[in-house]
Amino acid sequence: MGGTRIERQQSGSNSGRDSRSNGEAGKLFVPEKSTLYDPRKERVLYWENAPEGIHRYPAGETTDSQGNTYDYSAGQRLWIDDEKEVMDSCQKPWVIETVDRAFTALDDKGPSKQNVEVLERGFGLGQVASEIMDKLRPRGGTYTVIELNKKNANYAQTTWTNKQNVIDKARVTSARGVRYDKDNPNVYINIIQGDAIEKTKELALAGSKFDIIISDTFPLLEEEKSINDLLDLAILVECLKPNGVFAFFGYHFGFQGGMNERQRNLVEAYFEDVSRTVVKGINPPPDYKYFNPENGPTVRELPVIICTKPRIQAAA
Ligand SMILES: C[S@@+](CC[C@H](N)C(=O)[O-])C[C@H]1O[C@@H](n2cnc3c(N)ncnc32)[C@H](O)[C@@H]1O
C-alpha cells in the first residue's frame, strides 16, 4: 500500500545523483542511465536498513469529505524512515475480508482444506499475519512471510512469533488437553528477511509451492505505485499450487471499486479467474493523509481482489 517519496539531490550535470565511491578508484561517477545504476536496488538497500516505529493514536470522531460523521477506533500506524504511512490499523476490515475470502476460495465450496501453506509478502503491522494464523491453527500448515525491513522482520521473528506460540500453547492445552509441543507446532512460522521479488524468485527456484499468497508490500519507486505487488507475477505464479489463490492490496488513488488498467492487465495475464468485491466500514483517522487525500474523497471502502486458476499451471 501507500505512496513513495524519493529525495534526489541535484548536482549540476550529474543527472541528479551524487557520485559513489568504488574503493581503489576513488570517486566513480555513475549516471542514472548507466547500466550500473539501479534505482530499485538502491531503494531496496535503503528500505532494508531504515529505522521503523509505531505511531499510536486515540479513538475519536471525524467527518469525511462527503459530510458523514463517523467514529474511528484507537489505532496504530507503521512508519519506516521518511514514510510515515506504511500501514494503519484502520484497514482491519480489508485484512479480515481478504484473508477470509482467500481461504474460502481455496476450499472452493468443498471441505475445509487441511495443512495449508501460506506465503505473505510485507509483514507491516502483522495484521494479515495474525488473521492468517487464526485461520491456520485449526487446519495446521505453514506461514511464511517475506519482509524487507530488517527491524520489522526482527520484530516478526521475535515478539510476534513468541506471541503466536503463546496463543498456540493456550489453544492446544485447552482444546485438546495435551501439552504444547514447541518442536512440533500445528503451524510452522518462517520469517524471511529480504526483497519480495528476490526472495520469491529463490522460493520458485527451490520449488516451493503455496496454497495462498497474499502480497501487500510498498511501492519503493514512484512508477511502482498500485502495481508493486504485481511486478513479478510471472515468477509468483510458479510458487502457487494449481488450485492456489493470490490476493493483493489493490487500492490506488482514484479507486472507484475496480482495478486500474495496469492492475487488470497484469492479473488477467496470469490468472483465469479474478473476483473483485468492495469492503466498506473503513474509518480512517483524519490525520491519515493516505486515506484523506487533499484532492480526493475520504477512503471509506477498499477493494478485495482474489485471483485463482494461475495460468502457468493451467497450461502445464
Ligand atoms: C502495507 S505494509 C504490510 C501490511 C501488512 N499486510 C499488515 O497486515 O499489517 C508493507 C510492508 O511491506 C514491506 N515491504 C516494502 N517493500 C518490500 C519488498 N520489496 N519486499 C518485502 N517487503 C517489503 C514494508 O517494510 C512493510 O512492512
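## Chat: ligand shell, core and helix α5

Q: What kinds of residues make up the shell around the ligand?
A: The shell divides into 14 nonpolar, 7 polar and 4 charged residues. Nonpolar covers Ala, Val, Leu, Ile, Met, Phe, Trp, Tyr, Cys and Pro; charged covers Asp, Glu, Lys and Arg; the others, Gly among them, are polar.

Q: Before we go on, what is this model?
A: This is a predicted model; local features need pLDDT of at least 70, side-chain atom pairs count only at pLDDT 80 or more, and totals for chains, interfaces and linings use all residues. Residues are numbered from 1 along each chain as its sequence is written.

Q: Which residues are closest to the ligand?
A: Gly122, Gly124, Gln127, Val128 and Ala196 are the closest of the 25 that surround the ligand. A residue counts as near if its C-beta atom, placed from the backbone, lies within 6 Å.

Q: New topic: which residues of α5 are buried?
A: Ala196, Thr200 and Leu203 are buried in α5, residues 196-205. Buried takes 20 or more other C-beta atoms within 10 Å of a residue's own; exposed is 12 or fewer, partly exposed is in between, and C-beta atoms are placed from the backbone. Helices (H or I, at least four residues) and strands (E, at least two) are DSSP runs, numbered from the N terminus.

Q: Why do they line one face?
A: Seen down the axis of α5, its buried residues fall within an arc of 60 degrees, so they line one face. The arc is that of the directions from the helix axis to the C-beta atoms.

Q: And what follows α5?
A: Gly207 does, with a positive phi near 80 degrees.

Q: How many helices and strands are there in the chain?
A: The chain has 8 helices and 14 strands.
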